[in-house]
Amino acid sequence: MALKSDYKNELIRSFKNVKTLSNVNIDDEEKVIKLIDQLAEILFECQYDNRKCPGYEAYQNYKIRQELEKERYKALELKFMVIGTFH
């Protein structure tokens, strides 16, 4: 838990440093910091090694769809090479 809070604090510090260095005025800085806090929660909530993150399943499904699409195109290429025409 301490590690996650350290990352959250580091993100907020980085935001404040970038804001200071670039001389940007933000009207509602509290909302931006809350958004950064929520982003850090999402980023560091998941445990990808244990596959407990809900996004992990979506990512795996995406990879499977990509592989199936590649195999489909390879099969179509082979079919057209054997037939010799696109009809």
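## A tour of the salt bridges

Start by selecting E10 and R13: they sit three residues apart in helix α1 (residues 2-22), which means about one helical turn separates them. Keep in mind that you're looking at a predicted model. Now show the side chains. E10 and R13 form a salt bridge, and their closest N and O atoms are 3.2 Å apart. Turn on the surface if you like: E10 is partly exposed, at 41% relative accessibility, and R13 is partly exposed too, with a relative accessible area of 45%.

That's one stop. How many salt bridges does a search of the whole structure find? The search turns up four, and we'll visit some of them here.

Next, select K19 and E29. This pair makes a salt bridge whose closest N and O atoms are 2.8 Å apart. Colour the helices and you'll see that K19 belongs to helix α1 while E29 belongs to helix α2 (residues 29-45), so the bridge ties together parts that are 10 residues apart in sequence. Are these two buried or exposed? Neither, quite: K19 counts as partly exposed at 21% relative accessibility, and E29 counts as partly exposed at 22%. Buried would mean under 20%.

Last stop: jump to helix α3 (residues 54-83) and pick E67 and K70, which are three residues apart, about one helical turn. Their side chains meet in a salt bridge, at 3.8 Å from N to O. That still counts, because the cut-off is within 4 Å. On the surface view, E67 is partly exposed at 43% relative accessibility, and K70 is partly exposed at 47%.

Terms used: Residues are numbered from 1 along each chain as its sequence is written. This is a predicted model: local features need pLDDT of at least 70, side-chain atom pairs count only at pLDDT 80 or more; totals for chains, interfaces and linings use all residues. Side-chain values use heavy atoms; hydrogens and water are left out. Helices (H or I, at least four residues) and strands (E, at least two) are DSSP runs, numbered from the N terminus. Buried means under 20% relative accessible area, exposed over 50%, partly exposed in between (1.4 Å probe, protein chains only).
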